[in-house]
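This report looks at a protein model from the inside outwards, beginning with an open space and going on to the strands and helices. Please keep the sequence and the coordinates at hand while reading.

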Amino acid sequence: MVEKLHPEINKVYFINKYTLLHIISGSGTIQVDFKNYNDWQDKAIYLEKGQYIKFFSDDFVVQKIEFPSKVIFENKEVRVLFKHLISLGYINFNECEECKRYLSNTVFSDNTSEIIDISSKQWYWQNPFKASKQEYQIIFDIKDIIDENYYGNFTNNDLTKLMTENGYEAQTLVKDKIGLSIKNLISNKRLMEGKKKIVFTDKSIQEVSYETGYKDPAYFNRVFKNTTGMTPSEFRNDFDYENRDTFAQNLIELLKTYHTEQRSLAFYADRMNLSVKALSKKTRTKMNASLGQLIRNELIFTSKKLLDQDAPIKEIAFTLGFEEANHFSHFFKNYTGSTPTDYRIKKYNS
């Protein structure tokens with residue numbers, strides 16, 4: 001199924017089918033499985049069943065393609081798009097000419113297997129973990145085993161033994177390519193599923209601990225607090241799934257309105273009726289970013305929009321509150337890796 005949608009701000013969208021999301025336009029932050037992302041531009045994002053996504057702004061326009069399961073698993077190589085290891089599963093959309101042609105020319109096509117084939121080729125070409133195809137298959141075999149067995153008495157040693165019996169040095173390969181131990185992967189999976197059960201169900205913390213592979217609820221509480229900074233109960237209350245807390249929405253609206261003229265944390269704290277310390281803490285907890293980062297993100301977004309409109313660089317600098325054009329150019333390069341001129345040239349040539 002292919003559709004275009006305007007997602008509601010701060011609403012949890014559960015992924016019930018394997019899904020591609022191409023964010024056509026929008027500003028601000030998205031959240032996928034409790035992680036916030038500000039670098040979603042120019043990417044096509046792949047999500048698997050059981051994940052969720054939230055949008056912290058009301059101006060997003062998203063193209064969504066849902067795939068039937070049989071398409072996904074006809075070829076094991078496409079797992080790389082959906083089974084996320086340490087971040088989002090995505091392809092660099094602007095570097096994939098075939099992807100752009102598909103999504104622009106066949107937006108209402110039912111033949112969705114083609115974009116999967118195109119995207120998996122692009123993903124391997126990007127080669128995010130600098131591995132061979134055989135090594136990727138081993139790594140994702142491990143991920144499959146963890147996903148299927150994380151809640152049992154399945155240990156790091158069990159997995160390493162299983163893979164070693166098949167001739168693979170699993171522990172070394174995973175650590176070398178993705179920078180995490182197998183134990184980390186198991187712990188991360190248990191914690192992620194625990195978070196989902198805490199905020200999206202009314203199960204007791206004890207039930208959640210048992211269902212996610214922790215024999216001792218007290219130990220689960222300690223691990224959870226050490227990792228998130230909150231107890232499971234605090235985490236449930238803070239996420240505020242049912243009541244849709246408007247904190248993020250209110251802050252984003254302020255940033256959109258004032259980011260070109262106000263950089264002071266005290267200004268935003270006053271508007272949110274909080275102390276600077278309380279606002280900073282709540283922003284970090286709710287949005288997984290500092291207020292300074294959110295202000296910079298808005299400045300970068302606005303500057304790219306103005307560059308795309310061919311506004312003079314000096315005029316952009318003045319609009320965004322920079323005293324000199326070279327100050328803006330230094331800021332832009334520092335946070336994007338390109339000068340404003342280089343960004344504009346690359347955009348024209350893409």
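Which residues lie nearest the centre of the second largest pocket, and how many residues line this pocket? In this predicted model, the second largest pocket is lined by 28 residues, and those nearest its centre are Gln41, Asp42, Lys43, Lys304 and Thr336. Its volume comes to about 840 Å³, and two or more lining residues come from each of strand 5 (35–37), helix 15 (291–308), helix 17 (325–336) and helix 18 (340–349). Among the contributors, helix 15 gives the most, with six residues. Sorted by class, the lining of this pocket holds six nonpolar, 12 polar and 10 charged residues.

**The enclosed space**

The structure also holds one cavity of 30 Å³ or more, and the volume of the largest cavity is about 30 Å³. Its lining consists of Gly28, Thr29, Asn38, Ile252, Leu255, Leu294, Asn297 and Glu298. Helix 12 (247–258) and helix 15 each supply at least two of these residues, and helix 15 gives the most, with three. Helix 15 is thus the leading contributor to the lining of the second largest pocket and also to that of the largest cavity. By class, the cavity lining comprises three nonpolar residues, four polar residues and one charged residue.

**The open sheet**

Lys43, one of the residues nearest the centre of the second largest pocket, leads on to a sheet, as lysine 43 has asparagine 92 in strand 9 as its bridge partner. Strand 6 (residues 43–47) and strand 9 are paired in the antiparallel sense over four bridges. Five strands make up this open sheet, in the order 1-8-3-6-9, and their pairing is antiparallel. Strand 1 (2–5) and strand 9 (89–92) stand at the edges with a single partner strand each, so one side of each has no neighbour in the sheet. On average, and with direction ignored, neighbouring strands of the sheet are turned by 25° against each other. Helix 4 (residues 113–126) lies across strand 3 (18–25), strand 6, strand 8 (61–67) and strand 9, and runs at about 85° to strand 9.

**Strand 7 and its partners**

Strand 7 (residues 52–55) sends Tyr52 and Lys54 one way and Ile53 and Phe55 the other way, and all of these residues are buried. Strand 7 pairs with strand 2 and with strand 4, as set out below.

| Partner of strand 7 | Bridges | Sense | Residues facing each other |
|---|---|---|---|
| Strand 2 (residues 13–14) | two bridges | antiparallel | tyrosine 13 and isoleucine 53 |
| Strand 4 (residues 30–32) | three bridges | antiparallel | isoleucine 30 and phenylalanine 55 |

Is phenylalanine 14, which belongs to strand 2, buried, partly exposed or exposed? Its relative accessibility is 38%, and because the partly exposed class covers values between 20% and 50%, phenylalanine 14 counts as partly exposed. Leaving aside residues up to four places away in sequence, phenylalanine 14 touches Gln51, Tyr52, Phe200 and Tyr241. Of these contacts, Tyr52 is one of the buried residues of strand 7. Phenylalanine 14 and glutamate 48 are 34 residues apart along the chain, and their C-alpha atoms are separated by 10.0 Å.

Definitions and conventions. Residues numbered from 1 in each chain as written. Predicted model: local features only at pLDDT ≥ 70, side-chain atom pairs only at ≥ 80, totals over all residues. Heavy atoms only, no water. Pairing = 2+ DSSP bridges. Axes fitted to C-alpha atoms, helices over the stretch in contact; angles between N-to-C directions. Contact = heavy atoms within 4.5 Å. 1 Å grid on protein atoms, 1.4 Å probe; cavity = no way out; pocket = protein on both sides within 12 Å on 5 of 7 lines; lining within 4 Å. Points joined across faces, edges and corners; volume = space filled by probe spheres on them. Nonpolar A, V, L, I, M, F, W, Y, C, P; charged D, E, K, R; others polar. Buried < 20%, exposed > 50% of the residue type's maximum accessible area, 1.4 Å probe, protein only.
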